Amino acid sequence: CLLGLVKKVIFADSLAPIADDIFFLETPTFFQAWQGAWLFTFQIYFDFSGYSDIAVGCAYLLGIRLPWNFRTPYMSLSPREFWQRWHITLSTWIRDYLYIPLGGNRGGQVRQLATLLFVMGLAGLWHGADQTFIYWGLGWGAYIALARLLGNSRIGGVLARARPLVWIGHMLAIVVLWVLFRAPNMEAALNYLQAMVAFDKLGTPERAGMLMLGAMGLMLLHVAEATYLQTTRNIYFLRRINRPFVWGLFTGMCLWLVLLPSYDVNPFIYFRF
């Protein structure tokens, strides 16, 4: 619960107003557009993974064991691995009750790719009957299909030896697809994506520096979560110090986070779906 509240109250709610201000701009510069997209990429992660952590923690207090729903998805190297780490319960349900019953990996390659696009389109439609969500799902389907085709070719062997470059390209694809998810409509999404490739409107060097520092800082937090928090060693450590004082300390910190004053109301993003 405490970890989820920290993600939501400290990180997600701090990133939300900055990302919103940039997305509300009519003509953001190149660096502004990338900064807003990158901030929203981590806003939605901290928001939704925080909500999931709170749910897992509260269920644990009642003796119910829920599965982890996020496992540092931005450390993945492929779209398939991303969906094995992001919203694990939904992606597992889609695989077991949509993808496999509709044919899955059976049949020819064309049928497999068509099934993949259809299923991911439905996954986008699940978030809302809006073009942006449908194209977001279709975009993920096309990205997964492309990665599958490249993985079965000679290029796949070359990419396997260039993991840092693969990760950079993979993260850029994730950030671009999140723009479709965040934009209020397709016109706004296309205008924003155009700003992300408008090299004639770069913006100030200070904005570029802020973008780099912010990107590095958020990614370091993400890596630290996987390295120090979500480890078996730390879980066993928390079990060893499981005493009334620790319970009181953690409960007090949770109450403090809940009672923190906020100028804006930022409900959980996934409460809309």
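Here is a chat about the helices of a predicted model.

Q: Before we dig in, what kind of model is this, and how are residues numbered?
A: This is a predicted model, where local features need pLDDT of at least 70, side-chain atom pairs count only at pLDDT 80 or more, and totals for chains, interfaces and linings use all residues. Residues are numbered from 1 along each chain as its sequence is written, and side-chain values use heavy atoms, with hydrogens and water left out.

Q: Cool. How many helices and strands does the protein chain have?
A: The protein chain has 12 helices and zero strands. Helices (H or I, at least four residues) and strands (E, at least two) are DSSP runs, numbered from the N terminus.

Q: And how much of the chain is buried?
A: Of its 273 residues, 41% count as buried. Buried means under 20% relative accessible area, exposed is over 50%, and partly exposed is in between (1.4 Å probe, protein chains only).

Q: What share of the contacts join residues at least 24 apart?
A: Among contacts between residues at least 6 apart in sequence, 71% do. Contact here means heavy atoms within 4.5 Å.

Q: Let's start at the front. How do helix 1 and helix 2 pack?
A: Their axes are 8 Å apart and the angle is about 155°. That makes helix 1 roughly antiparallel to helix 2. Axes are lines fitted to C-alpha atoms, for helices over the stretch in contact, and angles run from 0 to 180 degrees between N-to-C directions. Angles under 35 degrees count as roughly parallel, over 145 as roughly antiparallel, 65 to 115 as roughly perpendicular and the rest as oblique.

Q: Is that crossing left-handed or right-handed?
A: The crossing of helix 1 and helix 2 is left-handed. A crossing gets that name if the near helix is turned anticlockwise from the far one by less than a right angle, and right-handed if clockwise.

Q: What classes of residue make up that contact?
A: The contact of helix 1 with helix 2 has 17 nonpolar, seven polar and four charged residues. Ala, Val, Leu, Ile, Met, Phe, Trp, Tyr, Cys and Pro count as nonpolar, Asp, Glu, Lys and Arg as charged, and the others, Gly among them, as polar.

Q: Give me one residue from helix 1. Where is G4, and is G4 buried or exposed?
A: G4 is found in helix 1, residues 2-23, and G4 is buried, with a relative accessible area of 0%.

Q: What does G4 touch?
A: Leaving aside neighbours within four places in sequence, G4 is in contact with G50, D53 and I54. G4 and Y51 are 47 residues apart in sequence, yet 6.0 Å apart in space, C-alpha to C-alpha.

Q: Now helix 2. How many of its residues are buried?
A: Helix 2 is mostly covered, with 27 of its 32 residues buried. From first C-alpha to last, helix 2 reaches 47 Å, close to the 46 Å expected at 1.5 Å a residue. That expected span is 1.5 Å times one less than the number of residues.

Q: And Q43, what does that one contact?
A: Q43 lies in helix 2 and counts as buried, at 8% relative accessibility. Setting aside neighbours within four places in sequence, Q43 contacts A12, L15, A16, A19 and I269.

Q: Switching topic: what's special about phi in T72?
A: Phi of T72 is near 40°, a positive value in a residue other than glycine. Most residues other than glycine have a negative phi. T72 sits in the loop between helix 2 (30-61) and helix 3, and counts as buried at 4% relative accessibility.

Q: What about H87, where is that?
A: H87 is in the loop between helix 3 and helix 4. Its phi is near 45°, also positive in a residue other than glycine, and H87 counts as buried at 9% relative accessibility.

Q: Last one: how do helix 5 and helix 6 cross?
A: The axes of helix 5 (residues 109-126) and helix 6 (residues 131-151) come within 7 Å and cross at roughly 150°. The two helices are therefore roughly antiparallel to each other, and helix 5 passes helix 6 in a right-handed crossing. The contact includes L113, L116 and L117 of helix 5 and W136, G137 and W140 of helix 6.

Q: What else do the buried residues of helix 5 pack against?
A: Besides helix 6, they pack against helix 3 (79-85) and helix 4 (88-99). Among those buried residues are Q112, L113 and T115.
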